Amino acid sequence: MTEVLDLHGQDSDEGSEEVVLTPAELIERLEQAWMNEKFAPELLESKPEIVECVMEQLEHMEGNLRRAKSGDLKVSIHRMEMERIRYILSSYLRCRLMKIEKFFPHILEKEKMRPAGEPSILSPEEFVFVKEYMGHTETHLKNVALKHMPPNLQKVDLLRAVPKPDLDSYVFLRVKERQENILVEPEADEQRDYVIDLEEGSQHLIRYKTIAPLVASGAVQLI
């Protein structure tokens, strides 16, 4: 397939930025988002435009297969590729859902403190889900446990009760764009901060919070 797809970003208030991708480039974007989400300790910015385009592409591929001749070997090959894409897409969405359920109060707090104009890490559907999940959790805790506690113990701070994402955890990464003067925090109190350069194509094991902005910008790929 050689058709191109329009991928709409949300980079400015004046309008959306249009990026033209081939189907292969679109699937590569999905795989990158999936790997980053899978290995990052925190919830990353959502990619609803990629998800929407991939779902449209799957529908297009399905239509092509229905029109193909039965018994054609290409049909089996394309069918396997469709199943592979569906697996990646569902795994990506499932990974995000698991993080939302695990870190929901911190995600909502981050959303509340988000500066105006900064993109949300949640898709509209995810935002609705996490709000409902928060409300159901608070209701469940109240009905099952808190109402049976003394009055001074009938409130719970979910921000303190639910663990935060561990941004100090280490991740493997591959450098896609050369980066200079990356500040690395010391491993021990007696050590000093130091600066490193990340060469294109090199692979590293490094503390996540050190390179979190590079993951968001696409300069590095988690592996």
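In which helix is Leu-73 found? The model examined here is predicted. In it, Leu-73 belongs to helix α3, which covers residues 73–112. The residue counts as exposed because its relative accessibility is 62%. Leu-73 also contributes to a nonpolar surface patch, together with Ile-77 and Met-80. The patch has an area of about 340 Å².

Residues 73–144 carry the UniProt annotation "domain: GINS subunit", taken from an unreviewed entry. This stretch is 85% helix and 0% strand. Its end C-alpha atoms lie 57 Å apart.

Two helices that come before α3 were compared with the expected rise of 1.5 Å a residue. Helix α1 has 17 residues and reaches 25 Å from its first C-alpha to its last. That is close to the expected 24 Å. Helix α2, residues 48–67, has 20 residues and should span 28 Å. Its end C-alpha atoms are 29 Å apart, which agrees. Buried positions occur in both helices. In α1 they are Pro-23, Leu-26, Ile-27, Leu-30, Ala-33, Trp-34, Asn-36 and Glu-37. In α2 they include Ile-50, Val-51, Val-54, Leu-58, Met-61 and Leu-65. Polar or charged residues such as Gln-57 and Glu-62 are also among the buried residues of α2.

Aromatic contacts were examined next. The model contains three aromatic pairs. One of them joins Trp-34 and Tyr-87 in an edge-to-face arrangement. The ring centres are 6.2 Å apart, and the planes meet at 85 degrees. This pair links distant parts of the chain, with Trp-34 in helix α1 and Tyr-87 in helix α3, 53 residues apart. Trp-34 is buried, at a relative accessible area of 13%. Tyr-87 is partly exposed, at 48%. Ring pairs also link Phe-104, Phe-129 and Tyr-133 into a cluster.

Salt bridges number 16. Among them, Lys-110 pairs with Glu-42, with the closest N and O atoms 3.7 Å apart. Here too the partners come from distant parts of the chain: Lys-110 lies in helix α3 and Glu-42 in the loop between α1 and α2, 68 residues apart. Lys-110 is partly exposed, with a relative accessible area of 42%. Glu-42 counts as buried, at 16% relative accessibility.

A local bridge is found within α3. Arg-84 and Glu-81 meet at 3.0 Å, N to O. They are three residues apart in the helix, so about one helical turn separates them. Both side chains face a partly exposed setting, with relative accessibility of 34% for Arg-84 and 29% for Glu-81.

Arg-207 forms a further salt bridge with Asp-168, with the closest N and O atoms 3.7 Å apart. Arg-207 lies in strand β6 and Asp-168 in the loop between α5 and β3, so the bridge ties together parts that are 39 residues apart in sequence. Arg-207 is buried, at 12%, whereas Asp-168 is partly exposed, at 36%. Salt bridges with shared partners also join Glu-37, Arg-96, Lys-99 and Glu-126 into one network.

Two asparagines complete the description. Asn-181, in strand β4, has a positive phi of about 55 degrees although it is not a glycine. Its relative accessible area is 57%, so Asn-181 is exposed. Asn-152 is found in the loop between α4 and α5. At 67% relative accessibility, Asn-152 counts as exposed. Asn-152 and Glu-25 are 127 residues apart in sequence and 57 Å apart in space, C-alpha to C-alpha.

Conventions. Residues numbered from 1 in each chain as written. Predicted model: local features only at pLDDT ≥ 70, side-chain atom pairs only at ≥ 80, totals over all residues. Heavy atoms only, no water. Patch = residues over 30% accessible without salt bridge, like charges linked within 9 Å, V, L, I, M, F, W, Y side chains within 5 Å. Areas by Shrake-Rupley, 256 points an atom, 1.4 Å probe, with all protein chains shown as cover. Salt bridge = Lys/Arg side-chain N within 4 Å of Asp/Glu carboxyl O. Helix = DSSP H or I, 4+ residues; strand = E, 2+ residues; numbered from the N terminus. Buried < 20%, exposed > 50% of the residue type's maximum accessible area, 1.4 Å probe, protein only. UniProt positions renumbered as here; feature names shortened; annotations may be inferred. Expected span 1.5 Å × (residues − 1). Phe/Tyr/Trp six-rings, centres within 6.5 Å; stacked < 30°, edge-to-face > 60°.
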